[in-house]
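This report introduces one protein model to a reader who has not met it before. Please look over the sequence and the structure before reading on.

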Amino acid sequence: MAKINQIKVRQDADAAERAGRFDKAVDLLKQIVQESPKPDWNTVNKIGDLYIKLNNPKAANEQYKRVANYYGEDGFYLKAIAVWKKILKYDPSDLSGKEKLGDLYARQGLAGDAKQAYGEVIDELVKRNRKQDAGDVLRRMAELDPSDMKVRIRLAELYREGHPEKAAGEYVAIADELVKKGHLAEALQLIEKALRSGPL
């Protein structure tokens, strides 16, 4: 099969978009993506934008996710964050997207934003009774800021149901921190919880 003239096809796609023929523009840009030896992520992103103009956010997000995953894996965290935000704008219920956004914020050193994204994921997972998954995300949140006692206590509470020994260990670790800070009464309460939770 003869190679396409990418410049000509791109010009045709631009003309189709200007004429409001977004479906034709998508088809033309897909030809460019298929013919390119390595993915042209700007073109993939553009296809997503055209799907939005076609009022098809699901198809748009399929394109955007390819771009976001590439940027995230290649270390372009801020670009990946921007694309995941776009994805979540069109599908706010995408939990894995919110979780990936939290991971990217954490890698970028944006702890506050990461905790907010993780918090939304955890609340939704608990609502869906997916407590083990919620615990996994909560653990990442606790690792992000070990000084956040509220998060660590919430993690211990989640552990109590399925992993009492982990709950007990977490309570003891938090109690140690509190003793160092001179909060003996709170530390004692957590030690009691640890004893009730499981073997130490």
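## The nonpolar core

In this predicted model, the largest nonpolar core has 57 residues, and among these Val83, Ile122 and Leu138 touch the most other members. Helix α2, which covers residues 22-35, supplies the largest share of this core, namely seven residues.

Isoleucine 122, one of those three residues, is in contact with Ala134, Val137, Leu138, Met141 and Arg154 once its neighbours within four places in sequence are left aside. Leu138 is thus named both among these contacts and among the residues that touch the most other core members.

## Helix α7 and what covers it

Helix α7 runs over residues 111-127, and at 1.5 Å a residue its 17 residues should span 24 Å, which agrees with the 24 Å that separates its end C-alpha atoms. The buried residues in α7 are Ala114, Lys115, Ala117, Tyr118, Gly119, Val121, Ile122 and Leu125.

The cover over the buried residues of α7 includes α6 (95-107), α8 (131-144) and α9 (149-162). After α7 comes asparagine 129, which has a positive phi, near 60°.

## A nonpolar patch on the surface

Turning from the core to the surface, Leu188, Ile191 and Leu195 make a nonpolar patch of about 280 Å². Leucine 195 belongs to helix α11, which spans residues 184-197, and because its relative accessible area is 58%, where exposed means over 50%, leucine 195 counts as exposed.

Definitions and conventions:
Residues numbered from 1 in each chain as written. Predicted model: local features only at pLDDT ≥ 70, side-chain atom pairs only at ≥ 80, totals over all residues. Heavy atoms only, no water. Patch = residues over 30% accessible without salt bridge, like charges linked within 9 Å, V, L, I, M, F, W, Y side chains within 5 Å. Areas by Shrake-Rupley, 256 points an atom, 1.4 Å probe, with all protein chains shown as cover. Salt bridge = Lys/Arg side-chain N within 4 Å of Asp/Glu carboxyl O. Helix = DSSP H or I, 4+ residues; strand = E, 2+ residues; numbered from the N terminus. Buried < 20%, exposed > 50% of the residue type's maximum accessible area, 1.4 Å probe, protein only. Expected span 1.5 Å × (residues − 1). Contact = heavy atoms within 4.5 Å. Core = buried A, V, L, I, M, F, W, Y, C linked by side-chain atoms within 4.5 Å.
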